[in-house]
Amino acid sequence: MKIIVGTRGSKLAVTQTNWVINKLKEKHPEVEFETIKTKGDLIQNVSLDKIGDKGLFVKEIEQQLIDGQIDMAVHSMKDMPSNLPEGLKFASIPKREDARDVLVLKEGYSSINDLPNGAKVATGSKRRKYQLLKHRPDLNIVPIRGNVDTRIRKIVDENLDGVVLAASGLLRVGLEDKITYYIPKDIMIPAPAQGALAIEIRENSKYIEEIIKSLKDKETEIKVAAERGFLDGINGSCHIPIGAYCDVDGENISLTGLYGDEEGNNLITKTISGKASEAREIGLQLAKLISKEYERYEG
């Protein structure tokens, strides 16, 4: 049997897709896999604001799934919306890569505390920006776009002192040596489901679903259920800082959530505990608690 896999054309997306395919081949050598890239990533000479946001690429792959042009798609889970199109579902979730954010710093610096007053650090994320400023209010946070290689290159090209990136992306594309400093989760709560992969299939793809089950990682599925439960409950957009991280200890979990306003004036962080079997409900419960506190602040 042949399974056709859809992916974006970026280096990270292709690497993630190949990782999934190679793991599946180990378990199912009888299955043939073919990869096709979305057109979206082939449009290199048009800026993203002219063709839409990153959700455009997800939608394009999803349309190919619905039309039957591909049989499965591999995404970064943190990029996925709460509700999938009718007829699509997530298959089992593989083991998560490191969820933390990292700093790639200019030569001579080794941690966030090494940076001089007013150091120029780049990130395109409000979640990262406002948490950095909470720890180091003196930093000069500047916006950045582009893939992993481009962002690292901008340290020299744009005379930056550092950039903030997801550890998972650097580790997956073999750039671990570029990581200067892993930012502790008590300084920077990661994005919900950061470091986890989403494998999307059609709801009626029983055979493919069965094959993907061989990649299932129970602990990752618990963490993702809790963190995405929080994301769904808080009902946030990419324009506001939202973070969530779940720790699993046997049958119990501890979930920390972050929520704030667009200007970063009010960042609320709370942690609650509960049963691993109720991971999503714990996420929704934490969202309610933080929303109530936020409303009190707004009122």
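These notes concern the nonpolar cores, helix H8 and the salt bridges of a predicted model.

1. The largest nonpolar core holds 21 residues, and those with the most contacts inside it include Phe 230, Ile 234, Ile 242 and Ile 290. Two or more residues each come from helix H8 (218–234), strands S11 (242–249), S12 (252–260) and S13 (267–275), and helix H9 (279–298), with H9 giving the largest share, six residues.

2. Phe 230 deserves a look of its own: leaving aside neighbours within four places in sequence, this residue is in contact with Ile 242, Leu 255, Leu 284, Ala 287 and Ile 290, among others. A second, separate core has 17 residues, including Ile 21, Leu 24, Phe 33 and Ile 208.

3. Helix H8 is largely enclosed by the rest of the structure, because 12 of its 17 residues are buried; among them are the charged-type residues Glu 221, Lys 223, Glu 227 and Arg 228, as well as Phe 230 and Ile 234. Just after H8, Asn 235 adopts a positive phi of about 55°.

4. Of the salt bridges, 17 are found in the whole structure, and one of these joins the side chains of Lys 11 and Asp 149 at 3.6 Å, N to O. Lys 11 lies in helix H1 and Asp 149 in helix H5, so the pair ties together parts that are 138 residues apart in sequence.

5. Another salt bridge, at 3.4 Å, N to O, pairs Lys 126 with Glu 262; Lys 126 is in helix H4 and Glu 262 in the loop between S12 and S13, 136 residues apart. Lys 126 is partly exposed at 26% relative accessibility, and Glu 262 is partly exposed at 40%.

Conventions. Residues numbered from 1 in each chain as written. Predicted model: local features only at pLDDT ≥ 70, side-chain atom pairs only at ≥ 80, totals over all residues. Heavy atoms only, no water. Core = buried A, V, L, I, M, F, W, Y, C linked by side-chain atoms within 4.5 Å. Buried < 20%, exposed > 50% of the residue type's maximum accessible area, 1.4 Å probe, protein only. Helix = DSSP H or I, 4+ residues; strand = E, 2+ residues; numbered from the N terminus. Contact = heavy atoms within 4.5 Å. Salt bridge = Lys/Arg side-chain N within 4 Å of Asp/Glu carboxyl O.
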